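This report covers strand pairing and one helix contact. The sequence and structure come first.

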Amino acid sequence: MTDQLRRVNTTFSRFNANLFLVLVAICFTLSACTENPKDENEALGTSTPNGFFGNMQSSDSFTPVQRDYIVELPHDHKSHPDFQLEWWYLTFVLSTEDGQEFGLQYTLFRFNTELNAPVSAKANANAENSAEVNAKSKSESSAKSSASHSSENNLHTNANNHIARNWSNGQQWMGHASLHTAEQHYFEERFASGGVGNAYVNQQPFAIVIDDWVWKAAQAKVQSGAESKAMFPSMLKVAFGQSSTHHPVKINGKIPATAADSLSELNDAPGVIAVKVSLNLDTYGPFIKQGDNGYSKKTQDERLRSYYYSQPFINAKGTLNIEGNSVKVTGKGWFDHEWTSHLANSEAMGWDWFSLHLGDGSKLMAFRMHAMNKSMKNSKSKHSEIFTTASYIAENGTKETIEQVNVSITPMSYETINEGESPRSVPTAWRIQIPEKDIDLSIRPFKENQWNNSLFPYYEGRVEIKGSHSGSGFMELTGY
Amino acid sequence: MLRTLLLTLSSLLAMAKQRPWEPLLIMTAIVLANAGLVTVLLINEGATQGELLQSKQGLTLGSIITPADSRARFTQSDYATLRKQGFTQLVAIAERNVTLSCNGSEPTATTLTLLGVDTQPLLGSTFGARGFEAPAQNDSAVSLSYLSQNAGKSSEMENRQTSAGIVLRSNSGVDFAVNGLIHPLTNAKLTCHDTLNEADKKSAPSPYWPATVSAYVSSFAPQNTILISIDEFYRGGVTIRNDKPVLPVNLDNAKRAQENQAKQHKAYVPLSGFIALSPLSQQHLSQIETLLGIPVKQTTSNTDNDTGSLPDSFRLNLWAMSGLMGVVALFIVLNALNLMYRTRLPNIIRLRQLGISQRILSVALFTELLVYCVISIPIGMFIGFQAASWLSPVINSTFTSLFNAVFVNPDVNLLFTFGFALTTTLISLVVFSLVSIIKLSNALTVAPAKKENALGQFAVGLISLCALLLLFIAEKFVSSTASALFFVALLLLTSCALVLLWLPTLSKLLTRFVPKQWPVFHYVIANMHLLSSKTRLAVCAFFIALTANIGMNTMTDSFRDATEQWLTQRLYAPFYLYTDAPLRRIETLSTKSLPPLVLTPLLKAEGAVIGSHAQEETHEVSNRPPTYVSISSYPVHQNGKKALVLDDVINNDLNTVWREFTEGKGVFINQQLAFALNAKLGHTLDIENIRLRKTANSSSSAVNPSSEAYSSPQEKTTDPTQGSQSSSSNSNVFAATPQWKVLGIYPDYGNLNGQILVPLPSFNRNNPLIRDQLFSGVMAIYPEPSIEANVIGDNKQNAYRKNILEQQLKSQLGEHRDIALYTRQALLNTSMQTFDRTFILTDGLNITTLLVAGVAFAVSLTVLTIGSAAQLSVLRALGVSQLKVKASLFAQYLLLCFISALLAIPFGVYLAYVFIQQVNRHAFNWVYPLSLNAQVILSSVGLSLLIVSLVLLLPLGKLKPKIDLRQEVQL
């Protein structure tokens, strides 16, 4: 009853409002004057990150990349949590029998978010490797031990380490899935905390998981012993993207009361998830350790560097279900695994990176790294130091690293990308020349606007190759 | 040319200096108007932003998945399992209470919920694409990335965040930094709070969560919570794993366990559940059940805000007020300009004679006005800003308590506001100066004296009759709120016109009756007749203000009477208990431990009425959308019968009707429903879709303690399985479905929706689960009839017993239950207090309107006295004392006001009637009897006359009824 009284009061204030409107209206008719209230719109601006991964701080406390470490496979398929940054990168050029072409990308990133992390992170490394993580107790105990280690010096800045994490292990996972058809682009980005159990990289049997996106070793081939760590043959199952034909979800303004219903409807309706990918992956060549046996320098002075290996010889076969239409596809895939503690800072301004399947069966990996060095930072010059390198992989799997002097990667034309806050000019046509290999390639994008508008937005798309060789591949442009 | 202009301008300014009152008056008016304008602009901006905030879909705890068994808990691996199975719309949350205080002092402590949310999935693109952040994209995106950021480097964030919040530090040495989000409203409530403590144990400083929380203001966070990432939530001693071999964790045990573990610097806090970003279907739920192996339930809380358009109405109110202020200002300006130009006339003529062109003269005049504007607008704006910031906390609390809405301190573009104010003011000033200039130039040109063509009394009578007839006819056509309001306007305007028509006639009539032996008095009356035509505007303003005043006051008074009477009768029990305990516990309790007392619960269900039809008519299929109603239980004992207030009863035979009601042969419906359906007594309602209520627990409710008491603090859940069943069958809700025959119609003030009273025994009696869900959380407690006499009427004993009863109930139901026990009187008092508080606003507006009228009167009087100076000097020459002249003038105006006040009374009453029977009826679907209270009307009249007479004293005091012939310029 009192409840109702409260409503009385509120309704009455409405009433007052109405009454006084009338009064004012009368006063206005008497005195014939008007006033025009205006609404002010606020403009909100946000800044864009200038490096690929924004301005994450790099820290000396993460494990550094060292030249004497030898990348060992399949052991190093695993996650390396004491490094700051790591990714597993799959790209595919796919086609159907009737000639439809697709570009598919699936990537899992890992970030170590603990600023001064490594002691506990190392302890977590084991936990990270197992799917059935029991991270909590371990990280707890390790945190305690680290607390006792460093409690002497600088309590406050290291404080974050003393406090046990009971939910996650300080790792953050980010998954990207992207499919380019001739007309459409489907993209989805996911995040998850490490140690919770829904995102991990498992070594044995090999599996890369974030939520229901799974890439794992094919069950039939899993055996005991070293074999079971194998990455291939494997299965990739990813369902992602918002159906382009369903747009009612993007409502301007607040969601009305009925929106909940429409949402659930959408969720139940087939085709809400736009793309379902199911691919069987197998290889027809060896893994390639990039750079110097997996030690890949990104600048001439090697201050930016990473561990980096690839598998460019992937055969993919399976189905793509796009908005309810299932098509059988086959094609070539490329896998990259890279981990480092040196790339996620403001010095690494971005790169232009290519993975190309050439028509003669050879493969080419090439990139241009844009880096800022200290003197540039101070002078605030906009020109960056550019480091160029390439790996030429012959059909038989022998790899040759092409030094900077012998390779030229030149932007030919620019495309304006209008996604995100402001238009950006991105070089999407390139010329790659490696005279000693008789390579002179003209790279053209598969289609326009292959932009992943994610938290760290970047260009990732399929390219077509002309010139000395034909073929197709993928191009990634970051830092634009 | 420019020089001439400058010279003219300086001479004008010199004149202003000579007579500073008029320019000052103009400037005051400008200051006043701008202060009002800026205040309203700011407040409206604040309300808009607040409303935006509230409507913005932040993290709604709309749909939550929890284990069906309250003792079971979800684990972290349950969460991982579900997400891996594709339930990516689920987000884990955990919560516990923390206390915030100022410097750790206890009196200032408030308890907030620390809400840990797995922010990771929310960062993903699906969440963004679903439109959850559509309007607030930046806000929530920024907020989220802020949350997931490492707290150490928030400096960048501080730049981006529009509004910085507070930093809360826990009482411990070693700590870690956590980023949190806090709702603007919650932030507004916190003042000096800087210390964060565990809620359960304030004394022991055992820091198992030694965090320093930097809470930033974002509407993404729900109210009364600090939203942090779940990762930070489970840090330090706060664990998700229960190391002890499993205690059955219901709430009190959890608390106890928390306390135990706190001693070991550890606290086990289980997951509270999973937020479903999109509601899950039944299929999904059963899938989840198979995956987890435990039954789960989905709790959907209705997030439809009762607030609705309330800030809207508040804004209308404000605009109305500022409109009034503007009108006041314009009245003042208009009259001041009149006065100023009138006094300057001789000088202006001299200027013209000096050869200054008309154009330059008018440009100079406008420039002078511009100077006034430029001087006074900043002052006005400053006052406006001050007023707004002074009012903000007040308004803030008003918003919170009345509307349950948010008000934030707005950011306003200063330059824009200034420009806006300047343009508006200058334009209206120029227009008004033109009006007075034209008037003046008319005065300068010689016009043949117009013959006064006064209407004959017969004509006046005829016209008024016609007008009244027209009004009555128009009233019949009122069919909606808008038309009702239009009718109010029409009524006011018509009555205004009638007053103007009648004033000359009445004053003439008066002249006839005043004996000529009293010459001065006779002159007063006769002159008033003359005045009545010149003071039209002022009289109109006064009349409208008074009519509205009388109308509003009478309406409010009637409403207060009706409400009080209704409440007094309806609240039959001496105690009312508001609780969140399930019904079965309370029911068992009453039989066990409180023998002399009887407990009657209030049960509630929902339904939809498709239509109503008289019995004999064939059932007609109507296409009208169903009217949703709440179905409430009504006790069938004698107390209930006494308490029942009915407007309308079949055959006017309460006893028969009551018997039929108790037998389930009919129901009572409220006025609202009757109006909405056009249902008559004896009609039968077609009701379908009777179901259990959805949870009415929105996160934004219960902001201040008093409102908390009103809203039932029920953790009502609709079990999905049962919910779907019960929506199809009525048998769950009712033991015996009553006949839906309308036996009586009862008043239900303040309710906007339809309601049906159904006898309590008709509700389901056997299934305790359903009864729990029917239970609204309100319980009437009254003594058994035999000892009733002892309890009622003894207030002391009542209070004494209340404490005892409260103790008893607490001990019976468990300390953790929310129990609020109110005595009948307390409920009545709170209700009436709330009532009165609301109408303070009305009083303020009333006084404002009266002041407008008063000021208008005063200024027009000043102008008039200049005109009648000649007559006054004749009076003085005849030997009438100065005091007498003044008194006579005063009497003149007062008489004018008095006559219009007399005329205003009937129109005011009529207005009140229209408010109640038309506006109220159509806007809210309920009416109440109009009660005429002579005291209310007389006080309105008295007050308005008092205000006017006070205002009149000012110019009259200054008046010098003698003429300095050297100054006099004959025009």
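## Strand pairing and a helix contact in chain B

Strand 16 (residues 648–649) of chain B and strand 19 of chain B run antiparallel and are joined by two bridges. The model is predicted: local features need pLDDT of at least 70, side-chain atom pairs count only at pLDDT 80 or more, and totals for chains, interfaces and linings use all residues. Residues are numbered from 1 along each chain as its sequence is written, with chains lettered from A and ligands numbered from 1 in the order in which they are written.

Strands (E, at least two residues) and helices (H or I, at least four) are DSSP runs numbered from the N terminus; strands pair if DSSP finds at least two bridges between them. Strand 17 of chain B also pairs with strand 19 of chain B, in parallel.

| Partner of strand 19 of chain B | Bridges | Direction | Residue pair |
|---|---|---|---|
| Strand 16 of chain B | two | antiparallel | B:Asp648 and B:Ile745 |
| Strand 17 (residues 667–670) of chain B | four | parallel | B:Phe668 and B:Gly744 |

Strand 19 (residues 742–746) of chain B is mostly covered, with five of its five residues buried (20 or more other C-beta atoms within 10 Å of the residue's own, C-beta atoms being placed from the backbone).

Helix 3 (residues 76–84) of chain B packs against helix 11 (residues 282–292) of chain B at about 130 degrees, the axes being 10 Å apart. Axes are lines fitted to C-alpha atoms over the stretch in contact, and angles run from 0 to 180 degrees between N-to-C directions. The two helices are therefore oblique to each other (not under 35, over 145 or 65 to 115 degrees).

Definitions and conventions
Buried ≥ 20, exposed ≤ 12 C-beta atoms within 10 Å, placed from the backbone.
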